[in-house]
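Here's a set of exercises to work through with a viewer open. Try each one before you read its solution.

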Amino acid sequence: MKKKVISALSGLAVGVLASTVFFGNFSTPDTVSTASAKTDAEKVYVPFGEKDEYYLFASGGHSGQMFIYGVPSMRRIRTVPVFSPDPATGYGWDTHSKKMLGGYTWGDLHHPAFSETNGEYDGKYMFATDVANSRAAVMDLKTFTVKDIIEVPNTSGPHCAAFVTENTEYLFLPTRFSVPIGHQYASLDEYSTKYRGVMSAVTFDEKAQKLNIAYQVALPPWSYDLSDAGKKVSKDWAVLTTYNTEEATTNLEINASQEDRDFIVLFNWKELDKMVKEGKYDNVGGQKMIFPEKHQGGIYLVPVAKSPHGVDVTPDGKYFIASGKLAPLLTVFSFEKAFQAIEKKEFAGERNGIPILKYESVMEREVNPENALGPLHTQFDDKGMAYTTMFISSEIVKWNPETGEVLDRVPVQYSPGHAVSAEGDTVSPDGKYLVSLNKLAKDSYLSVGPSHPESMQLIDISGEKMKVIQSSPVDPEPHYGQMIKADKIKTIEVYPKEENNPNAVYSQQDARIVRKGNEVHVYGIAMRSKFIFDAKAKRPDVIEVNEGDKVIVHITNLDFDEDITHGFAINQYDLNMEIQPGQTNTIEFTAGKPGTYPLYCTNFCSALHQEMTGYLLVKPK
Ligand code: CUK
Ligand code: CUA
């Protein structure tokens, strides 16, 4: 056991790994007494037919998708495709989603964020970012479908988080990688002068259902890691951690860990808004970009223990807590103190035009739980207590940010990245549950070859002591999650009729095929258990075209009946889409291959689902 863990973690490259303490916490899951096991089982048991109390939206990492779980059962409810195609739902094949994916075939979804109203999750939308291909997405929680994806120009890898302000004014996306702005070639010898990290302020136009970039900020050429928006007293502010302030361009493992201190970037977005209104920006590739070395204000640097990872704002908005990957330190900083230092202009120099605040004048306290190593991310409960994941010592530490007192510790299996508590990023977390998103599960489940499933462990945090009460395997790789009260999410039962949609067909008799030159437009319907593409044809369920025709198939699902979804697939044409109840969906293709191709419904919709077929006939030229 020990050996396996060591080899798995050796790539993490930290001297502290040698510590004997490190090995001590890699215990196998506690064997629980029968009495308490029964209690735990009852806590997580949601009888069939009853619903979970919370939805957990766990990011699917490099699967590009979002995994939806019920809490406390930890049952996986659905995978919602976001940045990668998904054959199960036809996402990436139908016209709208194909266009949204923009030709990309995968994404790396790290940080999801719910829309908020007055600092509370409002259950309307979920935002997410793609580190791999620099995109941002918005999911409508009425339908659990993605409405818009944008590729963010001038940036590379918006990892640092999707984090929203108290009333979803902005979704901020700072980048993990620095590149020359606009991605043009520049030698790495010019790193310090030509490369930049960029933070993008993205807005969501609810009416148009579109994401837009409001402005961008050109930050120094460092790596931006995690971030959080302020709350209440700090609601106009946000914080992000940054490492590689050494500006290393190779072997970052060593070279980006030289300095004792890196920084937290502290910025006031209302101030940045003002600067944009006053024209204090440059136009870069069609975007408004603020260069702090030209236009100062609104952005400050706070020194922090080297190579920080997470930074999290307490629910009352008074503090921000930074965690150090390499320093086993949790540092509590005070917004109030930062505001005073800014007011008095107590600066200790500057970098790239951004003033540096003095560590001592912003730091509230340093917390160093004995032998706890690798603090990464912090969540909160209803009493203001903090729960920090310890990646290296594989545990969750519960502590009081007001006093620094360590209250409890519980081992998790193993190496947690983030943890997520119920309503944990709001101004009023619920307490109750914390889910630890573990990077390694080792021998917790049946093995699936050399690679094992990752794990999510459910921890009861309602009492003074934490207790792991359930565990669930999860696909690679859960990064972060957000947990929302189930009753806040109000899904629709069927898609409402869109009388103005020219592609929709609401009566069987109106199904028709219209040819315009070499374009064939199909206005069809799907209903239990048939397709009708052309009501007047001898065979209404057949689409006949000529080789080389462009075929545009619109299908309306006339089953206005919750949960009766149909699919539309064509054999050997690599095509599939889903049409949910009441929905009109479109798929387009070129009939490049002459021949006879059965088409069929992919979703089991009735006893006669197998009969829900037809033909695509492609006449050779
Ligand atoms: S990062 Cu994954 S453990 Cu992308 Cu939120 Cu910290
Ligand atoms: Cu429609 Cu199966």
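The exercises below go from model quality to overall build, then to the ligand site, the domains and a few backbone oddities.

**Exercise 1. Work out how far the model can be trusted, and where it can't.**

Remember first that this is a predicted model. Start with the global scores: ipTM is 0.96 and pTM is 0.92. Next, go to the per-residue confidence, where the mean pLDDT of the protein is 92 and 93% of its residues reach 70 or more. Now look for the weak spot: over residues 1–28, pLDDT stays under 50. The model does have 29 contacts beyond four places in sequence for that stretch. Still, where pLDDT is low, the predicted coordinates should not be read in detail.

**Exercise 2. Describe the overall build of the protein, and decide how its compactness compares with a globular protein of that length.**

Count the secondary structure: you get nine helices and 43 strands. Then take the radius of gyration, which is 26 Å; the globule rule gives 25 Å for 621 residues, so the protein is as compact as a globular protein of that length. For the outline, the C-alpha atoms fill a box of roughly 85 × 65 × 45 Å along the principal axes. Inside, buried residues make up 50% of the 621. Finally, check the contacts between residues at least 6 apart in sequence: 60% of them join residues at least 24 apart.

**Exercise 3. List what surrounds ligand 1, sort the shell by residue character, and trace it back to the strands.**

Begin with the histidines around ligand 1: His-110, His-111, His-159, His-309, His-377, His-418 and His-479 are among the surrounding residues. Add Leu-226, Gly-310, Leu-376, Gly-417 and Tyr-480 to finish the list. Sorting the shell gives three nonpolar residues, nine polar and no charged. As for strands, β4 (109–117), β19 (308–313), β25 (375–380) and β29 (416–422) each supply at least two residues of the shell.

**Exercise 4. Split the protein into domains and characterise the contact between them.**

The division is into domain 1 (8–488) and domain 2 (508–619). Their C-alpha centres lie 43 Å apart. At the contact, six residues of domain 1 meet nine residues of domain 2. On the domain 1 side, those residues divide into two nonpolar, three polar and one charged.

**Exercise 5. Find two cis peptide bonds and place each one in the fold.**

One runs from Val-71 to Pro-72, with omega near 20°. Pro-72 sits in the loop between β2 (65–71) and β3 (76–81). Another joins Arg-528 and Ser-529, where omega is about -5°. Look for Ser-529 in the loop between β35 (519–527) and β36 (530–532).

**Exercise 6. Phe-144 and Asn-154 both have positive phi without being glycine. Is each of them buried or partly exposed?**

Take Phe-144 first: its phi is about 55°, and it lies in the loop between β6 (135–140) and β7 (145–151). A residue needs 20 or more C-beta neighbours within 10 Å to be buried. Phe-144 has 18 inside 10 Å, so it counts as partly exposed.

Now Asn-154, with phi of about 65°. Asn-154 is in the loop between β7 and β8 (163–164). Here the count inside 10 Å is 22, so Asn-154 counts as buried.

How values were computed: Residues numbered from 1 in each chain as written. Chains lettered and ligands numbered in written order. Predicted model: local features only at pLDDT ≥ 70, side-chain atom pairs only at ≥ 80, totals over all residues. Near = placed C-beta within 6 Å. Helix = DSSP H or I, 4+ residues; strand = E, 2+ residues; numbered from the N terminus. Nonpolar A, V, L, I, M, F, W, Y, C, P; charged D, E, K, R; others polar. Domains from an automatic or database assignment. Contact = placed C-beta atoms within 7 Å. Buried ≥ 20, exposed ≤ 12 C-beta atoms within 10 Å, placed from the backbone. pLDDT = per-residue confidence, 0-100. Rg over C-alpha atoms; globule rule 2.2 N^0.38 Å.
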